[in-house]
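User: Please go through this model with me, starting with the ligand and then turning to the sheets.

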Amino acid sequence: MAGYDLIIIGSGPAGLSAAIYAQRAGLNAVVLEKAGVSGGQVLTTYEVDNYPALPGINGFDLGMKMKEHADKLGAKFEDASVLAIRPADTAADAAATEAAGGYTVVCDGKSYETKGVIIATGAHHANLNVPGEAELQGMGVSYCATCDGAFFRGKDVAVAGGGDVALEDAIFLARICNKVYLIHRRDEFRANKALQEALKQYENIELVLNSTVEEIKGTDSVNALSVKNKLSGEVKDLPVSGIFIAVGIIPDSDAFKDFVDVNEKGYILAGEDGRTSKKCIYAAGDVRSKALRQIVTAVADGANAVTSFQEDVL
Ligand code: NAP
């Protein structure tokens with residue numbers, strides 16, 4: 001069959017790890033990247049302190065190191081926005097499909113033939129879905145503290161959420177802002193214990209627990225949040241210049257949902273070997289159904305998916 005051995009969709013840690021393993025295995029592989037920038041979510045992470053051997057590394061630097069590693073091994077990258085994967089449909093390809101997978105990856109304006117596909121498209125941030133959020137995006141509403149935090153130097157801001165990202169954002173912002181309100185809907189954080197301990201060192205972080213953001217207020221820019229205490233029912237305005245929303249992630253699986261099995265949240269169902277419901281189609285990284293979404297598990301997924309492909313095809 002003409003075309004590639006393996007197409008890797010996405011160039012975050014899972015995709016780049018897969019590219020490294022594919023190159024070392026001598027596979028004819030290509031990485032399709034949507035944004036034209038490798039690294040995925042890690043690029044906007046200020047500090048990564050749980051990637052072995054690189055304590056405290058900046059997320060952008062880590063992403064670039066992974067890309068350089070893949071480049072050094074000769075990995076091939078192309079800009080392409082993937083719309084769908086479908087079984088290869090030419091007569092010549094039918095036998096290959098039967099024997100070893102065989103797929104057409106349909107992109108915006110072009111398509112690729114391949115024996116196998118690793119879907120490593122990652123995930124994107126969720127919205128709060130409250131009045132003012134969409135209207136004031138970029139005018140005080142942000143989803144990336146490391147990208148936009150510097151605009152709020154010396155000001156009062158809020159972070160919404162209680163996971164790793166929310167606490168990382170609150171700590172990052174506490175270093176540059178006057179005051180940070182950390183608004184969480186429960187009184188316990190989902191974030192790891194190390195971050196919860198680190199949070200206590202910052203006197204300018206005020207916890208606003210059991211509370212939800214009801215509205216983001218302002219005309220040309222954010223000037224207040226309407227916040228409701230779920231226990232007392234009290235609603236009050238918090239005067240802030242910005243809000244950083246960190247309420248979780250949504251898998252980027254829309255293009256594949258009708259082709260491979262996904263769970264109720266849209267994560268692609270696959271075990272640690274990456275194998276999905278379709279032969280020679282694998283899921284790796286944050287888009288895969290799994291318990292722990294970390295950079296270190298994403299890179300492991302990339303390696304496992306390539307190894308599974310080799311077992312299934314070669
Ligand atoms: P997350 O762990 O899913 O946390 C989302 C937080 O937002 C939760 O505290 C949740 O509250 C809250 N939330 C969800 N919907 C909400 C709503 N509508 N209104 C108010 N609050 C809402 O998401 P994340 O922090 O973005 O992290 C995503 C994944 O990346 C996680 O698996 C995390 O471990 C991983 N991560 C890894 C690293 C690393 O490897 N160094 C760094 C950052 C993140 P509840 O707690 O009440 O559900």
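The questions and answers below concern a predicted model.

User: Where does the ligand lie with respect to domain 1 and domain 2?

Analyst: Domain 1 covers 3-124 + 249-313, and domain 2 covers 127-245. Both give residues to the shell around the ligand. The ligand therefore lies between them.

User: Which residues come nearest to the ligand, of the 19 around it?

Analyst: By class, the shell has six nonpolar, seven polar and six charged residues. Of the 19 residues in the shell, the nearest to the ligand are D164, R185, R186, R190 and R293.

User: Which helix gives the largest share of the shell around the ligand?

Analyst: The largest share amounts to three residues. They come from the helix spanning residues 164-174, which is helix 5.

User: How much of the ligand does the protein bury, and what polar contacts are there with G162, R185 and R186?

Analyst: An oxygen atom of the ligand is 3.0 Å from a backbone N or O atom of G162. In the side chain of R185, an N or O atom lies 3.0 Å from a ligand oxygen, and for the side chain of R186 the corresponding distance is 2.7 Å. Taken alone the ligand exposes 920 Å², and the share of that buried by the protein is 79%.

User: Which strands stand at the edges of the five-strand parallel sheet?

Analyst: This open sheet has the order 8-15-9-10-11, with parallel pairing. An edge strand here has a single partner strand, so one side of it is left without a neighbour in the sheet. The two edge strands are strand 8 (141-142) and strand 11 (205-208).

User: What is the bridge partner of I183 in strand 11?

Analyst: Strand 10, residues 179-183, pairs with strand 11 in the parallel sense. Four bridges join the two strands. In strand 11, I183 is bridged to V208.

User: What is the average twist from one strand to the next in the sheet 12-13-14?

Analyst: Three strands form this open sheet, and their pairing is antiparallel. Strand 12 (211-218) and strand 14 (235-238) are its edge strands, each pairing on one side only. From one strand to the next, the twist averages 25 degrees.

User: How is strand 12 joined to strand 13, and which residue in strand 13 is the bridge partner of I216?

Analyst: A hairpin links strand 12 to strand 13 through three residues. The two strands run antiparallel and are joined by seven bridges, with strand 13 spanning residues 222-229. In strand 13, the partner of I216 is L225.

Notes:
Residues numbered from 1 in each chain as written. Predicted model: local features only at pLDDT ≥ 70, side-chain atom pairs only at ≥ 80, totals over all residues. Heavy atoms only, no water. Pairing = 2+ DSSP bridges. Axes fitted to C-alpha atoms, helices over the stretch in contact; angles between N-to-C directions. Near = heavy atom within 4 Å. Polar contact = N/O pair within 3.5 Å; in protein donor to acceptor, adjacent residues only side chain to side chain. Areas by Shrake-Rupley, 256 points an atom, 1.4 Å probe, with all protein chains shown as cover. Nonpolar A, V, L, I, M, F, W, Y, C, P; charged D, E, K, R; others polar. Domains from an automatic or database assignment.
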